[in-house]
Structures are given as structure tokens and as C-alpha cells.
Amino acid sequence: MGKRIADSEAYKNWERSIKSNASAYDKDGRTFKTESGIPMKALYTPDDLDAIGFKYEKDLGYPGFFPSTRGITPGMYRENLVRLKQYVGYGSPEETNALYKYLIAQGQNAISIAYDLPTQSGYDSDDPKVEGEVGKIGVPVCSLKDWEFVTEGIDLEKIMVNSVCNAQASVAMAWHIATAEKRGIKEKNLKGLVQNDILKEFIARGNYVFPPEPSMRLVADMIVYAAKNVPNYVPMYICPYHIREAGSNAVQEIAFGLCHGIAYIEEALHRGLHIDDIAPRITCLITGRHRDFLEEICKFRAIRRMWARIMKERFGAKDPRSYRLSMWDYEGGIGFTPDQHEINMARASIAALVGALGGVQDIGLCTVDEALGTPSEKSLTLALRTAQIVAYETGVTHTVDPLAGSYFVEYLTHELEIRANEYIKKVDELGGMVKAVEKGYPQREILKSAYEYQMAEEKGERIVIAGNKFVSEKKEKTRGFYKPQPKMVQKHIMNLKQLREKRDNARVETALAKLKKVAEKPARNENNLMPPIIEAVKSYATVGEIMGAFREIFGEYQEVTGL
Amino acid sequence: MSEAEKIRVLLAKPGLDGHDRGVKVVALAIRNAGMEVIYMGRHKTPKEIVEAAIQEDANVVGLSNLSGSYRELFPKVVRLLKKNGLENVKVIGGGIILDEDIPALEKLGIKIFPVGSRTDEIIKHIRKSASN
């Protein structure tokens with residue numbers, strides 16, 4: 001090791017000059033810290049890299065190779081420019097299909113289907129339990145017919161279709177498979193994704209239906225089915241994103257997100273799959289925020305490296321594809337202000353830059369008015385254009401991982417990894433993530449962070465422009481939100497009623513009876529639920545009927561509400 | 001009510017919406033301000049909420065919704081409270097509530113705290129309205 005920088009006269013000179021200003025020096029790191037509470041020094045030098053034992057080959061290596069810190073492919077954006085993917089859907093299958101076609105014409109190259117809450121909860125649109133929810137925040141999809149409608153005229157082989165749903169993810173995957181089959185796409189060529197990170201529904205997003213155990217069975221059934229039948233389909237992606245939006249900090253976001261991944265992998269390993277059959281099929285949705293820019297960039301680098309190390313060291317993965325965690329980052333609505341909502345565009349552009357500098361594969365941005373309502377076509381287009389400016393104009397995509405080697409960036413990437421590993425250790429001690437969730441451990445940790453965050457904002461310790469500082473007196477009106485058109489919703493419900501009359505109801509009955517029979521059997525590969533779900537979907541059984549059958553067998557989850 | 005008596009606040013999420021960060025942070029803030037908080041959790045029907053309000057002898061019912069179904073569900077809770085003779089129970093609502101919908105909800109007696117509201121303002125409002 002060479003001479004320490006801190007021992008040099010020049011460094012001491014600098015330190016003396018800043019020490020005289022106590023608030024700038026901030027010795028204890030009280031003022032200057034990352035959002036995860038990691039203290040920041042005024043200056044980082046090669047000494048900091050020596051202190052963490054930083055070694056280029058061990059900690060960074062080369063993009064596309066273990067430990068993937070710098071990226072998951074050798075040339076990164078030179079090979080595949082970052083994809084732009086907005087999460088959207090509303091009203092009726094017809095309106096949503098038109099919107100997707102519009103977005104594709106504007107240059108969006110992947111689709112992320114937002115289903116309405118009745119669909120996500122496994123209810124048909126005319127169920128009395130779903131009053132006021134149909135067609136809001138997403139598109140209602142009751143049967144294969146609706147899914148065919150939503151994706152009508154969209155090339156499923158070219159456009160990556162992602163279903164954002166979890167409790168009923170198995171049904172959505174079956175819709176995708178059945179539609180592809182009808183359009184003559186071979187199972188082995190089928191590409192697409194389904195979210196299916198059910199554990200995060202319990203601790204963050206809230207759209208669970210069944211208790212954890214049968215929920216985990218469905219996840220494993222899907223992973224096993226995909227590995228054997230639709231090898232290019234992503235049957236689940238972990239979602240640190242929702243953990244962060246629910247209030248966690250970046251360290252918890254990485255840690256709990258990875259803990260979910262570990263739990264699914266272990267479930268699938270019990271079914272006899274090899275780690276290299278599982279890991280390459282899991283991707284990741286994560287936040288990419290304008291706030292705390294550098295910590296966000298380091299977060300992507302840290303989670304990529306941790307994923308690679310966990311796959312190799314914990315699970316013994318040998319296939320290089322197992323070391324590559326593909327990521328879709330999204331600037332969530334939490335950092336956006338409802339007042340002066342147009343300034344959220346500035347926040348979104350910084351967030352898109354975070355994603356590109358952090359080496360993610362897909363970028364999505366909340367729209368300027370998303371803190372206020374379901375976005376209009378105009379604000380969706382603005383979000384898309386914002387991401388396109390970063391992808392096509394800034395030039396940051398021309399070289400791989402351009403911030404690597406920065407003393408601070410490498411220090412922080414390392415520190416995030418160390419701190420997140422401590423959480424993973426704690427979850428292991430509790431008996432794994434399913435047990436930890438049942439005990440309410442991650443829920444409490446997330447709430448604690450959310451509360452601290454809110455208080456810091458109210459006290460003015462965390463500045464929010466147009467939130468708690470620089471608030472404009474003049475209140476602007478916001479207009480142009482999407483509102484469900486009752487006529488379209490009525491038409492959708494009429495189609496549903498017609499479907500129930502016209503379909504072969506004997507076939508539906510047989511399919512649902514078979515489904516229940518298999519669901520009653522133990523969770524094993526020979527009782528995989530995907531084939532009977534696909535058959536039920538093809539018979540045009542509705543999401544309410546399929547999920548209703550499972551509700552009878554699996555029961556419903558009752559939330560642990562302890563504060 | 002007397003100063004010594006603790007204000008009892010029942011919080012719930014009506015409808016299928018799962019976003020509970022806001023309501024849980026508000027619950028903690030209200031509890032830390034010395035009030036009694038009962039948080040029912042997600043996916044509650046108006047009927048379940050009103051039954052709990054009776055059971056728990058609540059002074060205030062707080063509703064949170066970020067999926068747009070507040071337009072139907074918040075007024076339904078108010079109607080059911082009245083039907084059960086609980087006119088004195090104060091109702092507050094939070095979440096993503098469109099500006100244009102606020103006057104109609106406030107006319108029904110629901111005080112709205114949309115996203116971006118401060119917890120100390122919510123606490124101040126609860127103290128004031130519960131003492132009336």
C-alpha cells in the first residue's frame with residue numbers, strides 16, 4: 001500500500017481550512033448524509049478505497065461478467081439502448097389497447113399492463129364487492145377475451161409485454177400463453193414478463209389474496225412451468241420498488257428485495273430445479289429517484305453485485321447468466337409534489353439520468369401529475385419524451401458505467417452492500433423472509449423509516465421544493481386527468497355477461513373442477529397448477545371464477561395491522 | 001368530551017386499494033400525539049368500518065384511499081354512520097383526492113387531507129373537531 005493521502009501536507013492543509021467551518025466540516029455526519037443515513041464526508045480520496053480493501057477485479061470486474069457491478073452485458077447501451085416502459089392502463093380493454101398502440105407509435109418498445117384493482121384481487125367487474133373500482137388505476141381484464149382485446153394488433157414477439165399483477169399472476173401468465181398460442185407463437189419463443197412478487201404485497205403493496213404458503217406455491221409452480229415450457233418468459237421479478245415507495249430507505253430496499261428473491265429461489269430449489277434454471281429468469285423492478293442522486297446510482301451497482309455474489313456464493317450458480325440482474329427502474333410518485341406539479345418533470349429527467357448512469361435496462365417515469373390522479377395521454381407522452389432525451393441526447397449511454405472508480409461512488413456502493421447484508425443476515429436468523437413477513441419484521445422496519453421521512457419533511461430537515469420550501473402562493477389548477485367513461489365500463493360489463501352465456505359452460509365447469517382438485521393436493525411438481533389454470537383460461541373461465549375456486553381451497557390472508 | 005378523556009380515532013382503508021404508507025404514518029403521528037388509535041387495515045367495506053366505529057366507540061373515523069373509489073366509498077361510510085345514529089362521529093379522509101371532488105365531500109362533512117398534507121395539521125383538526 002502506498003503512502004496515505006491523509007498524511008500528506010497538502011491534505012492536512014485542506015483539512016485545516018475546512019475544519020475552521022464547523023458546519024461545512026460536519027465531523028459527525030449529522031447534516032450531510034445519504035437518505036439511508038450513511039454519513040458523508042466532505043471529501044473522499046484513494047485512502048477511502050484502501051480502507052474498504054477495494055480491488056478492481058474483485059469488486060468491479062468487467063460488464064457482463066461476475067460480479068456484474070458495472071453492468072450485465074459487455075457493451076451495455078452500445079448493444080441495447082435503455083428501453084422505455086411506462087406502467088399504464090385504464091378504463092376498458094378497448095381504450096387501453098388504443099393507448100398502447102399510441103405509445104408504441106411514440107417509440108415505446110415495451111408494454112406494462114396496469115390491471116384495475118378488481119382484476120388484481122381476482123374479482124370480475126360485475127362483482128358487488130368491487131364498487132367504484134372498475135377501470136380505475138388500470139384496465140379491467142376478466143377473461144382471455146379481454147386480454148386478447150388489450151393486446152390486439154400488438155406483436156407479442158416484438159413488443160415485450162409485462163403484466164403487473166401478483167395475487168392473480170398465474171392467471172395473467174396463462175392469458176399470455178393462451179393468446180400467444182392462438183396467434184401461432186411457439187411456447188419456446190414466447191417472451192414476456194409477469195410481476196408475481198407476492199411477498200412484497202404483504203409488506204408493501206397490499207394486493208394479496210391468499211395466505212403466504214399457497215401464494216408461494218403458485219410462484220414456484222410458475223417458475224417450474226416457465227423453466228420447462230416457456231424458457232424465455234420471466235415468471236417473476238423481484239420488486240424492491242414497492243418496498244421503497246412504502247417508505248423504506250435504499251438499504252432496506254436492496255435488502256428486503258433480495259430477501260424476497262432468496263425466498264422464491266429456495267422454494268423453486270425444493271421443487272428440484274437447479275439454481276441456473278431459476279436465476280436467469282428473475283429480473284428486478286427498482287426505484288430510480290432524483291433525490292439523493294448518487295446513492296441511487298450506487299444502489300443499482302450494489303444490488304447487481306450482491307445478486308451475483310448471492311447466486312454464486314450462496315446458491316452455487318455456475319451459468320454466467322445467473323449473475324446478471326436485469327433491472328427496470330421507475331421514478332415513483334413519492335418524491336413528486338402535487339403543488340406546482342409541472343416541476344415534477346425536472347425531477348423525472350434527473351431520475352431518468354440516475355437510471356442511465358446506474359446501468360438499468362428499462363426506465364419508466366411517473367408523470368408530472370401522477371400525485372394527483374390517473375395521468376392523461378399528454379402527460380404520459382411528456383414522461384416518455386423525458387426518458388428519450390436522456391437515452392438519445394445526453395450521451396451518457398456511450399460508455400459503460402462512467403462513474404466507476406470515483407472514490408465516493410465506490411465507497412458508497414460498498415457501504416450499501418455491507419449494510420444491506422446485515423439486514424439479510426437478520427432475516428436469515430428469523431428463519432427466512434416468509435417467516436419474517438409473518439412476524440411483521442420488515443413491515444415494522446419500513447414503517448419506522450416512513451415515519452422518520454415524514455417527520456424530517458415536516459420539520460424542514462428534508463427540503464422539498466414546492467412542498468416545504470419555495471412554495472408558490474398561486475395555486476394552479478390541474479386538468480386533463482383520465483376519468484373512466486361509464487359508457488365504456490358498461491360495454492365491458494355487457495361483454496362479460498355475453499361471454500358467460502356464449503362460452504361452452506360444460507367445459508368451464510370441468511376445467512374449474514379439475515383446478516380445485518389439483519389445488520387440494522400438496523405442492524409438488526406433479527400437482528403444478530399452471531396446466532389446469534391454462535385450460536381454465538382457454539375455456540374462458542373468468543378471473544373471478546378461477547380465483548374464486550382458489551379462494552375456496554386456499555382461504556384469504558388476514559392482514560397483521562400492528563403499528 | 002373532557003380533556004382527560006383520550007380521543008378515539010378509527011382508521012381504515014375502504015375498497016381494494018393497498019397503499020397504506022400514508023394512513024400508517026398518520027396513525028403513528030396521532031398515537032404519538034396522545035390519542036387512541038385503532039387501525040383496521042386494508043380492504044374494508046363501509047359496513048365493516050361503521051360496525052367497528054360502533055364497537056370501538058370512535059370519536060373520529062379516518063378513511064384513506066388512493067385508487068379513486070373514494071367518490072363512492074367515503075359518502076357511503078357517512079350515510080351508514082348517520083343511519084346508525086352516529087352523527088357525532090367526525091369523518092376525515094386522505095389520499096389521492098382530485099381538487100374538483102373536495103367540495104362535494106366536505107359538504108357531506110368529510111374533512112379532506114390530500115397527499116402532501118402535514119400530520120400536525122391533521123392532529124390539530126382532530127383535536128378541534130372532537131372537542132366540539
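Which residue of S8(A) is the bridge partner of A:Met236? In the predicted model examined here, the bridge partner of A:Met236 in S8(A) is A:Ile282, and this pair belongs to the parallel pairing of strand S7 (residues 236-238) of chain A with S8(A), which extends over three bridges. Strand S8 of chain A, spanning residues 282-287, pairs in addition with strand S9 (residues 327-331) of chain A, again in the parallel sense, over four bridges. Within that second pairing, A:Ile286 has A:Asp329 of S9(A) as its bridge partner, while A:Thr287 stands opposite A:Tyr330 in S9(A). Five of the six residues of S8(A) are buried, and the strand is therefore largely enclosed by the rest of the structure.

These pairings form part of an open sheet of five strands in chain A, whose order is S1-S10-S9-S8-S7 and whose pairing is parallel. The edges of the sheet are occupied by strand S1 (83-84) and S7 of chain A, each of which has a single partner strand, so that one side of each is left without a neighbour in the sheet. Helix H15 of chain A, formed by residues 344-358, lies across S9 and strand S10 (362-365) of chain A, and its direction is at about 165° to that of S10(A).

Elsewhere in chain A, two helices pack against each other. Helix H21 (residues 505-520) and helix H22 (residues 530-538) of chain A have axes 9 Å apart and meet at an angle of about 160°; because angles over 145 degrees count as roughly antiparallel, H21(A) and H22(A) are described as roughly antiparallel to each other. The crossing in which H21(A) passes H22(A) is left-handed. On the side of H21(A), the contact is made by A:Ala511, A:Leu512, A:Lys514, A:Leu515 and A:Val518, and on the side of H22(A) by A:Pro532, A:Ile533, A:Glu535 and A:Ala536. When these residues are sorted by class, the contact of H21(A) with H22(A) comprises seven nonpolar and two charged residues, with no polar residues.

Between the chains, 30 residues of chain B are in contact with 31 residues of chain A. On the side of chain B that touches chain A, the elements giving two or more residues are helix H1 (21-32), helix H3 (70-83) and helix H5 (119-131) of chain B, and H1(B) gives the most, with five residues. By class, this side of chain B has eleven nonpolar, nine polar and ten charged residues.

Definitions and conventions:
Residues are numbered from 1 along each chain as its sequence is written. Chains are lettered from A and ligands numbered from 1 in the order in which they are written. This is a predicted model: local features need pLDDT of at least 70, side-chain atom pairs count only at pLDDT 80 or more; totals for chains, interfaces and linings use all residues. Axes are lines fitted to C-alpha atoms, for helices over the stretch in contact, and angles run from 0 to 180 degrees between N-to-C directions. Angles under 35 degrees count as roughly parallel, over 145 as roughly antiparallel, 65 to 115 as roughly perpendicular and the rest as oblique. A crossing is left-handed if the near helix is turned anticlockwise from the far one by less than a right angle, and right-handed if clockwise. Two residues are in contact if their C-beta atoms, placed from the backbone, lie within 7 Å. Ala, Val, Leu, Ile, Met, Phe, Trp, Tyr, Cys and Pro count as nonpolar, Asp, Glu, Lys and Arg as charged, and the others, Gly among them, as polar. A residue is buried if 20 or more other C-beta atoms lie within 10 Å of its own, exposed if 12 or fewer, and partly exposed in between; C-beta atoms are placed from the backbone. Two strands pair if DSSP finds at least two bridges between them.
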